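Visitor: I am new to this one. Could you show it to me and walk me through it?

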Amino acid sequence: MDLRTSPDEQAFRAEARAWLEAAVAELPPKPPAEDWAARRAHDTTWQRTLHDAGYAGLDWPPEAGGRGATPGQHLIFLEEAERAGAPYVGVGFVGLLHAGPTIAAEGSTEQRARYLPPILRGEEVWCQGFSEPGAGSDLASLSTRAVLDGDHYVVNGQKIWTSFAQVADFCELLVRTDPAAPKHRGITWLILPMDTPGIEVRPLRTIGGSSEFSEVFLTDVRVPVANRVGDENDGWRVAMVTFSFERGTAFVGDLLGARRLHESLVETARASGAWEDGGIRRELGHLGADLDALWALTLRNVTQAERGSGVPGLGGSVFKLHYTQVRHRMGDLAMRLLGPDGLDLQDEHVRGWVYAMSMTIAAGTTQIQRNIIGERILGLPKEPA
Amino acid sequence: MNFDLDADERALQQGIRDLCRSDTAPDHPRAREAAGGVDRDNWRELGRAGVFALRLAESEGGVELGLTGAALVFEELGRALVPGPLVASHLAGALVDGAAMGDRVVGLVERGQGVAFVEHLEAVDVLVALDDDGLWSVAPGSFEAEPVTAPLDPLTPVHRVTELPMGEQLAGPEDASRWWLEGAVLTAAFATGIASATTDAAVAYAKEREQFGRPIGSFQAVKHLCADMLTRAEVGRAATYAAACAVDDPAAVDDPGRAVASALLLATEAAFVNGKDCIQVHGGMGFTWEANVHLYVKRAAVLRTRFGGADAHAEAAAATW
């Protein structure tokens with residue numbers, strides 16, 4: 001066990017660093033946060049740039065059009081991208097990180113050929129239609145109905161927390177096809193073209209003032225049966241397959257951003273004189289220790305992913321549970337240090353504090369993470385029904 | 001990436017775990033308590049197994065492992081709550097004759113302002129005083145020492161020493177700072193073992209103990225305590241392994257000192273908080289002396305006083321930013 005990278009990994013880092021520095025220098029300025037058409041253009045142009053240089057779908061298998069990089073190389077690329085100030089996936093989030101890998105694993109030959117290359121080239125954008133107003137933590141209780149009518153499913157219902165719905169071409173949609181079956185067994189995974197009649201997208205404003213989430217209303221929306229991925233009523237398994245691909249790299253960019261934010265907070269404390277206060281200093285030291293430990297945890301998770309060792313899922317759940325709480329502590333401390341300067345939502349620390357409140361909710365709340373750790377990793381009995 | 005145990009490291013870990021198995025027998029801590037914490041035969045057994053010598057050259061009886069290997073060993077010693085001045089005797093392996101094989105017990109005291117606290121004074125053959133100027137051998141019988149009549153950890157007897165003699169210099173400031181760094185990592189590793197053992201004990205009890213007609217571990221209130229314990233232990237472990245690797249290979253990181261301070265802070269905190277949570281999960285039984293659950297949190301409290309204490313570890317981490 002050591003903290004070294006292999007000669008191959010060092011060569012990969014050097015190559016990625018040189019390319020990223022040159023590519024980032026050519027980037028146009030970042031568009032305004034609420035100009036969604038411009039953001040789509042910005043993010044997909046970057047994806048195209050990655051694609052043309054052979055860096056698209058770094059972690060995707062070669063047969064799906066990806067580079068088939070090792071988890072270690074993927075980590076290195078994310079690290080170098082953050083260092084160079086390169087954009088992260090942006091509006092490509094769902095396509096690159098979830099819908100694409102799901103189709104790669106579970107889609108038919110035709111589906112893979114049709115949908116994967118445009119994701120990698122940045123030509124098509126995806127959104128996720130999983131959560132519903134009545135199905136959040138209990139996602140499997142979703143009630144959006146799909147009824148077979150000839151060679152189409154007719155879909156009625158409502159989805160929520162659909163990121164980038166206003167600029168998406170497709171939606172990975174979970175629908176209920178068998179209301180009589182136990183809740184996990186009556187769900188089907190569909191590819192929904194977002195230009196189908198009957199779809200209404202209403203953006204939601206978050207407490208951060210942004211509008212990346214939408215509500216999506218579906219009224220008699222006709223989806224071809226050919227757009228089904230996997231078998232009818234097998235959609236829960238299809239959706240979960242991708243989560244098990246997680247290789248410990250999901251939060252790398254985010255964590256590196258948090259380290260930068262921590263350094264900036266130390267600077268803020270030094271400039272204001274708060275650093276002279278031993279209590280403040282120790283809290284900042286403690287947060288730095290936690291962020292470094294989370295980096296070490298990431299290196300361990302990635303090593304285990306490469307070796308196929310360790311307890312599956314342990315690293316990811318432990319990371320998410322701890323990291324999101326560290327972000328709360330860091331945000332709370334920032335608000336104390338900023339004083340009245342903390343009343344400006346444009347300040348990066350204030351944004352970080354607000355963002356932290358979403359992190360302990362999104363992608364499995366802190367409470368659900370603790371259930372997962374307790375039941376799936378520690379083997380504790382399930383909560384009485 | 002190579003940041004996880006390899007086959008040799010797993011074998012080393014398992015070997016020490018097996019060696020310590022007898023120490024985890026339910027009646028064992030009380031036998032130790034009667035013996036004042038250090039059992040000479042057991043100490044020699046640890047010595048023969050390589051606990052104190054494993055980083056030494058083969059010519060000196062060691063196997064030339066790095067601090068990373070030693071950390072894995074100390075994690076297992078912590079898991080089994082093995083008592084005695086283990087860190088000091090390990091660090092003294094090359095410096096004090098007989099320490100490496102477990103024939104002599106070496107203690108450590110941090111020289112500072114005011115009263116010094118010496119652990120296991122009656123069991124040690126050689127006491128090493130550590131300060132910024134170096135390492136000093138202080139004869140254990142050469143100064144006045146007042147025993148703490150009710151030591152917090154029954155397996156760690158403590159004496160108060162008002163005037164610690166200067167002693168005879170064993171090594172200079174460079175060795176002293178190396179002892180700080182390596183001692184901190186081994187202490188963090190021992191604490192990681194406690195954090196992990198308390199998680200295992202709490203989870204096992206939560207599966208077995210029934211109230212309201214079901215195992216208490218089925219209730220989220222208890223389950224979530226256990227999940228947080230695992231998380232603390234895993235975070236502390238990651239930090240500790242990183243610190244050990246950083247000391248073995250300083251060129252691989254920006255600042256080994258920061259890695260060590262972070263590991264000591266997080267791992268001892270994990271042991272301390274998990275020790276308390278372990279008692280909480282055990283309920284009233286956890287608060288009884290006989291149940292032995294208290295020994296974990298009490299040893300964690302001992303560890304948290306080492307190398308300046310928890311606040312100093314946070315200060316040391318802050319000083320690197």
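Visitor: How many helices and strands does chain A have?
Guide: Keep in mind that this is a predicted model. Counting runs of secondary structure along chain A gives eight strands. The helices of chain A number 11.

Visitor: What radius of gyration does chain A have, set against a compact globule?
Guide: Chain A has 385 residues, and a compact globule with that many would have a radius of gyration near 21 Å. The C-alpha trace spans about 70 × 50 × 45 Å along the principal axes of chain A. The radius agrees with the globule rule, as chain A has 22 Å.

Visitor: How far apart are the end C-alpha atoms of helix α9 of chain A?
Guide: Helix α9(A) covers residues 314–338, which is 25 residues. At 1.5 Å a residue, α9(A) should span 36 Å. The expected span agrees with the model, because the end C-alpha atoms are apart by 36 Å.

Visitor: Which residue follows α9(A)?
Guide: The residue after this helix has a positive phi, near 60°. That residue is A:Gly339.

Visitor: Which helix supplies the largest share of the side of chain A that touches chain B?
Guide: Between the chains, 42 residues of chain A are in contact with 45 residues of chain B. On the chain A side, α8 (278–307), α9 and α11 (366–377) each supply at least two residues. The largest share is 19 residues, and it comes from α8(A).

Visitor: How many residues on that side of chain A are nonpolar?
Guide: The side of chain A that touches chain B includes 12 polar and 12 charged residues. The nonpolar residues there number 18.

Visitor: Turning to chain B, what radius of gyration does it have?
Guide: Chain B holds 10 helices and nine strands, and its C-alpha atoms fill a box of roughly 65 × 50 × 40 Å along the principal axes. With 321 residues, a compact globule would have a radius near 20 Å. Chain B agrees with that, at 19 Å.

Visitor: What percentage of the residues of chain B count as buried?
Guide: A residue is buried if 20 or more other C-beta atoms lie within 10 Å of its own. Applied to the 321 residues of chain B, this gives 55%.

Visitor: In the open sheet of three strands in chain B, which residue stands opposite B:Phe117?
Guide: The strand order is β2-β6-β5, with antiparallel pairing. The edge strands are β2 (116–119) and β5 (146–147) of chain B, each pairing on one side only. β2(B) pairs with β6 (residues 158–161) over four bridges. Opposite B:Phe117, in β6(B), stands B:Arg160.

Technical notes. Residues are numbered from 1 along each chain as its sequence is written. Chains are lettered from A and ligands numbered from 1 in the order in which they are written. This is a predicted model: local features need pLDDT of at least 70, side-chain atom pairs count only at pLDDT 80 or more; totals for chains, interfaces and linings use all residues. Two strands pair if DSSP finds at least two bridges between them. The expected span of a helix is 1.5 Å times one less than its number of residues. Two residues are in contact if their C-beta atoms, placed from the backbone, lie within 7 Å. Ala, Val, Leu, Ile, Met, Phe, Trp, Tyr, Cys and Pro count as nonpolar, Asp, Glu, Lys and Arg as charged, and the others, Gly among them, as polar. The radius of gyration is taken over C-alpha atoms; the globule rule is 2.2 Å times the number of residues to the power 0.38. A residue is buried if 20 or more other C-beta atoms lie within 10 Å of its own, exposed if 12 or fewer, and partly exposed in between; C-beta atoms are placed from the backbone.
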